[in-house]
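Subject: Structure handover, with notes on helix packing and a pocket

Dear colleague,

I am passing on the structure below, and my notes on what was found in it follow. Please read them with the coordinates open beside you.

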Amino acid sequence: MTPHQSHGEQLLKINGTELCVETFGDRATPPIMLVAGSAASMLWWDAELCEQIAARGRFVVRYDHRDTGRSACYPPGQPAYSFTDLTLDVLGIQDVLGIERAHVVCQSMFGGIGLMLGVDHPDRVASLTFVSSSTGADDLPPPSSDLAMPAEPDSSDAAAVVEYVVAGSRAYAGGSPHFDEAAVRALVERDVARARNYASTLVNHYAIEFDGPARGGFGDITAPTLVVHGDHDPLLPLPHGEALRDAIPGAELLVLKGAGHDLPRPVWDDFVSALARHTEGGRS
């Protein structure tokens, strides 16, 4: 095994629940915690992307949120946890892995986890990166009028669920020339087959309430911050990324040309290079 490859998945007892965690790279290098978006398991941080980040001298951690992948599952529509719990899950993973401070990368809706970590737990955060996220301000533009989401499937029909998630991913790509339907379909098929209960994956993250940081907001983040946003994002158009950059003191913005509400393979080089520069430094 080369130093940047996976160390394998582990089921760990964390924050009163069970989470599936996988790591890549040298544990002595700066740690990067990858936090996927809503309804997304660790698989949506592609293993090859994780290996590329690790090859730049980083210890990469990806994990399944509750109600995704192999992590703890709750009945559909009845998530027995809050945004605060999901934030404490990140810190619990850091504790188990012996990471005092991590470079945290949060995607989409779970940029809220990055906000809560940055404001309420600044001593545990070496830097923040927000991917395809937003401040949520009321004056930001709504989703594109071209964003047509598919009808919800019968969750007991695995083939229908796969078609639904693939169609949603196609819509979220916003007409991007980088959208690779075959690759997305293969990922979704693995994701659906791997999940404890994909019916819960489809709904439970949208049923939790954002309880927010205990104090302050984006303007109170002190960690070095990188904002990453696709210029084809139809769900959260580019002004959302620009607003996030403007809200966080000293934040920088990387615009991914041709990317939608995702991280397609053709933009990986730009993303990995920017992330490597952003997370330079020693072991945390």
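In which hand of crossing, left-handed or right-handed, does α4 pass α5? The crossing of α4 with α5 is right-handed, and I should say at once that this comes from a predicted model.

To set that crossing in context, helix α4 covers residues 158–172 and helix α5 covers residues 181–194, and their axes come within 9 Å and cross at roughly 135 degrees. Because an angle over 145 degrees would be needed for roughly antiparallel, α4 counts as oblique to α5. On the α4 side the contact is made by Ala158, Val161, Val162, Glu163, Val165, Val166, Ser169 and Arg170, which meet Glu181, Val184, Arg185, Val188, Glu189 and Val192 of α5. By class, the residues of this contact are 8 nonpolar, 1 polar and 5 charged.

A second pair is formed by helix α1 (residues 47–54) and α8, which pack at an angle of about 40 degrees with their axes 10 Å apart. These two helices are therefore oblique to each other, and α1 passes α8 in a right-handed crossing. Glu48, Leu49, Gln52 and Ile53 are the α1 residues in contact, and they meet Trp268, Asp269, Phe271, Val272 and Leu275 in α8; the classes here are 6 nonpolar, 1 polar and 2 charged.

The third pair is helix α2 (residues 83–97) with helix α3 (residues 111–120), whose axes come within 9 Å and cross at roughly 70 degrees, so that α2 and α3 are roughly perpendicular to each other. In this contact Phe83, Thr84, Leu86, Thr87, Val90 and Leu91 of α2 meet Gly112, Ile113, Met116 and Leu117 of α3, and the residues divide into 7 nonpolar, 3 polar and no charged.

Finally, there is the second largest pocket, for which the computed volume is about 210 Å³. Its lining has 13 residues, of which Thr225, Leu226, Glu252, Ala274 and His278 are the closest to the centre of the pocket. Three elements, β7 (225–230), β8 (252–256) and α8 (268–278), each supply at least two residues of the lining, so α8 deserves a look here as well as in its contact with α1, where Trp268 is among the residues involved. By class, the lining of this pocket has 7 nonpolar, 4 polar and 2 charged residues.

With best wishes

Key: Residues numbered from 1 in each chain as written. Predicted model: local features only at pLDDT ≥ 70, side-chain atom pairs only at ≥ 80, totals over all residues. Heavy atoms only, no water. 1 Å grid on protein atoms, 1.4 Å probe; cavity = no way out; pocket = protein on both sides within 12 Å on 5 of 7 lines; lining within 4 Å. Points joined across faces, edges and corners; volume = space filled by probe spheres on them. Helix = DSSP H or I, 4+ residues; strand = E, 2+ residues; numbered from the N terminus. Nonpolar A, V, L, I, M, F, W, Y, C, P; charged D, E, K, R; others polar. Axes fitted to C-alpha atoms, helices over the stretch in contact; angles between N-to-C directions. Parallel < 35°, antiparallel > 145°, perpendicular 65-115°, else oblique. Left-handed = near helix turned anticlockwise from the far one by under 90°. Contact = heavy atoms within 4.5 Å.
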